[in-house]
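Q: Please give a close, connected reading of one part of this model, with attention to how individual residues are placed and what they touch.

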Amino acid sequence: MMKDPKTQKLNRRSFLGRTAVASGVLSLGGGLWGASVNPADAQETDHDYVIIGAGSAGCVLANRLTEDGARVLLLEAGGPDADAMISTPMRLIELWGTDFDWGYQTVPQENAANRQLYWPRGKTLGGSSSLNGMIYVRGNASDYDAWASDFGCEGWDYTSVLPYFRKSEDFSRGEDEYHGVGGPLHVTADFEPHPITRAIVDAAVEAGHPLNEDTNGAQQDGVAYVDLNTKDGQRASTAAAFLRPALERENLTLITNARVLDVTLDGDRATGVRYLQDGAERQVSATREVIVCGGAIESPRILMMSGIGPRAHLEEVGIEVRHDLPGVGQNLNDHTLCPVIYEGAQEIPAPSDMAITVLHAHLFMRSDPSLPGPDMQPLFFHVPYYTPEMEQPTGNAFTLNASGVQPASTGEIRLTGPSIDDPLHIDPKVLSDSHDVDILVKNMRQMREIAQQPALAEWKGREIYPGEHVQSDEDLAAYARTAVLSYHHQNGTCAMGTGETAVVDPELRVRGLQGLRVVDASIFPRVMAGNTNAPVIMVAEKAADMIKDAHR
């Protein structure tokens, strides 16, 4: 049986901020990584903006907002990102269960065999961009068009957001209509795939799926080798791409190991942030705005701890209601994976030093041709991807992961008490809508069809999971409930829109309050078909322009 990732004993090097910077405070003026400042100085300084969270969005905002001389304070709950596990792409799984990982667990999932799902999330500079699989996927154009048409989010259609994707990008193949060059974020489009992956891609083409040379270009559908946020063989997180270049600016200050307690309010205006560091409570002020970038799990927690959220729930856990906002913590979305695992008919080659990751290819496809975009994104691993509950008969295996990326099931995040140390109640209600089960069943059958193609004949041995004996829709559905995994794309808990349950407006301002915005995956009104890191970076790029325009 696989150990719970949270309980695995992993050897890891000490990192900057645990030893070299005991105070956890980094002054980025002068570009000295680790030059300390007195925490009291940060309290006494007037900051134009206080950003909560140095993750995928927070690092982008810290860079862009300091370009014009604004004084920015960036607070991060974790420590610096100097460990080699972060920068070395093939070591990403080693990060799970370490101090770099929030290590969330869902409540037992009623429709997934009462299993608790493990949700690793980055707790370090770069956030989950320092912990993820580095896959650069923008989503389908129809996703963003639906944000504008279905949720009233004017200015968020694909034509409007494409320039922000291009602005960030340094695309390895050069500039074109869809891709940019010279941006902070390097995107690697060409590398040598593992031979198993190459065989799976060939098999998918034999099964009738078109080969797509660029799923971030004009057309998303088809099988493709992934684009990666790597540069020179190392991870290109938002900390590496956006934050480090900003280290030279005198107007940016970063405080690490700072756990935010709440946002301070004066009436309906956000005025600053209270946080805890080394057992001491501290407070900082923002003359313009407080910007919450804690991600889909921490951002709703921070708002609710500040008295901003559903009145009945806040009263239930003993938090003074400062602003009744029913949608906070609701609309929790996540993508699903379900492994179809095959034993190798021969010894599967170990990945080379240049393999970068275990994921080299994916496939975008539609369960119904009438859909405006893909709703399935199967992933291809040259290693077995067992769930924690599965027996592991062999390591000489590979995986075709069925996947649903337009889920109908939605859940919620709630507090369990008034303290920042009280655990969250995380309930995505995975597979609560039968549509999501049907998608996985259909996609598993399609994975089996790919596996039967001639290109995989020399590699494919027996089907380990679900197993050849699992054939009926009912049995495949039962397997899906015991084997479903998170694709680690949580979003939607502070949703953008114009309706009564929207948390932020299309300018990302918290509805009914002044000087407070949320900028991260929590604002997605509906998740896009594909990985979420690139869209979060786009959201932060667009937010930076909106914030600058508001304060010119």
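A: The model is a predicted one. A suitable part to begin with is helix α2, in which S56, A57, G58, C59, V60, L61, A62, N63, R64, L65 and T66 are buried. The helix spans residues 56-66, and 11 of its 11 residues are buried, so that α2 is mostly covered under the criterion of less than 20% relative accessible area.

One residue of this helix, C59, merits a separate comment. The relative accessibility of C59 is 0%, and C59 therefore counts as buried. The count of disulfides comes to 0. C59 is accordingly in no disulfide, and the nearest cysteine sulfur, that of C293, is 9.4 Å away. A disulfide requires two cysteine sulfur atoms within 2.5 Å. A second cysteine, C153, is likewise without a partner, because its sulfur is 14 Å from the closest cysteine sulfur, in C494, which is too far for a bond. C153 is buried, with a relative accessible area of 0%.

Other buried positions can be described through their polar contacts. H360 is located in strand β18, which covers residues 359-364. H360 is buried, at a relative accessible area of 0%. A polar atom of the H360 side chain lies 3.0 Å from the backbone nitrogen of H194.

A loop residue offers a further case. Q406 sits in the loop between β20 (397-404) and β21 (412-414). With a relative accessible area of 22%, Q406 is partly exposed. Leaving aside residues up to four places away in sequence, Q406 touches D143, P374, D375, H435, D436, R526, V527, M528 and A529. With D143, the contact includes a polar one between the two side chains, at 3.0 Å. Q406 and D68, by comparison, are 338 residues apart in sequence and 39 Å apart in space, C-alpha to C-alpha.

Finally, the packing of two helices may be considered. The axes of α5 (residues 158-168) and α12 (residues 533-550) come within 9 Å and cross at roughly 105°. Angles of 65 to 115 degrees count as roughly perpendicular, and α5 and α12 are therefore roughly perpendicular to each other. On the α5 side, the contact is made by V161, Y164, F165, K167 and S168. On the α12 side, A534, P535, I537, M538, E541, K542 and D545 take part. The residues of this contact divide into 7 nonpolar, 1 polar and 4 charged.

Terms used
Residues numbered from 1 in each chain as written. Predicted model: local features only at pLDDT ≥ 70, side-chain atom pairs only at ≥ 80, totals over all residues. Heavy atoms only, no water. Buried < 20%, exposed > 50% of the residue type's maximum accessible area, 1.4 Å probe, protein only. Helix = DSSP H or I, 4+ residues; strand = E, 2+ residues; numbered from the N terminus. Axes fitted to C-alpha atoms, helices over the stretch in contact; angles between N-to-C directions. Parallel < 35°, antiparallel > 145°, perpendicular 65-115°, else oblique. Contact = heavy atoms within 4.5 Å. Nonpolar A, V, L, I, M, F, W, Y, C, P; charged D, E, K, R; others polar. Polar contact = N/O pair within 3.5 Å; in protein donor to acceptor, adjacent residues only side chain to side chain.
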